[in-house]
Amino acid sequence: MLKQAKLDRIIRWGIKWSMWPVHLVTSCCGVEVAHTSAPVFDAERWGVLPFNTMRQTNVILVEGTITRKMAKVLKWVYEQMPEPKFVIAMGACAVRGGLFWNSYHVVQVDTIVPVDAYIPGCPPTPEAVIRAFFMVGNKILGKPGPEVKPVKVDLTPYLPQPKPAAKPAAKPAAPAKPAAAPTAAATQAQPA
């Protein structure tokens, strides 16, 4: 029993230090992820190593707007990832739709797959990206940590309301038909 507990702790420690995110870039946040892995911030020293194959990774970093078309792909890839797997929603577009929040084809990431950490901002800074990985790491270790969750705000009252349908204009009265001229046969049939 004690050995199993120690082994479990070691496994969790290994997972925490082996987060290999892959980008699902649909917007401009990808630039900040590149900066996160660059020498200045060097996220690799915390075990975050960018990966390029979604099926062999354990973290999806969703960066940007997800449309209905992309949602199917995101779900499909998430289901193919090996356990344990994590999802980070990065940027205002991924968190709540951002600039396109009321568009007919935009879907929020947490309605498709479970999200482990949110990174607000447009675009978020590399420090915020690293902090999200720390949040996921705390989750892996079972430690309660700082968590950022978006608050859902109903903005529909501020949307332009549709105008009521205009009543159809009254049809103008049909002009009276002129009396038909008597035909020659009708005039002959009449008695003189």
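**Salt bridges in a predicted model**

E83 sits out in the open here: its relative accessible area is 64%, so it counts as exposed, the cut-off being over 50%. This is a predicted model, and it holds five salt bridges. Three of the pairs are walked through below, including the one E83 makes with K85.

**E83 and K85**
- E83 pairs with K85 in a salt bridge, with 3.8 Å between the closest N and O atoms.
- Buried or exposed: which is K85? K85 is buried, because its relative accessibility of 13% falls under the 20% cut-off.
- That puts an exposed E83 opposite a buried K85 in this bridge.

**D110 and R96**
- D110 and R96 bring their side chains together in a salt bridge, 3.4 Å from N to O.
- This pair ties together distant parts of the chain, 14 residues apart: R96 belongs to helix α4 (residues 91-96), while D110 lies in the loop between β5 (106-107) and β6 (117-119).
- D110 is partly exposed at 27% relative accessibility, and R96 is also partly exposed, at 22%.
- Both values fall between the 20% and 50% cut-offs, so neither residue counts as buried or exposed.

**E79 and K75**
- Where do E79 and K75 lie? Both are in helix α3 (residues 68-80), four residues apart, or about one turn of the helix.
- The two form a salt bridge, and their closest N and O atoms are 4.0 Å apart.
- K75 comes in at 36% relative accessibility, so it counts as partly exposed.

Note on methods: Residues numbered from 1 in each chain as written. Predicted model: local features only at pLDDT ≥ 70, side-chain atom pairs only at ≥ 80, totals over all residues. Heavy atoms only, no water. Helix = DSSP H or I, 4+ residues; strand = E, 2+ residues; numbered from the N terminus. Buried < 20%, exposed > 50% of the residue type's maximum accessible area, 1.4 Å probe, protein only.
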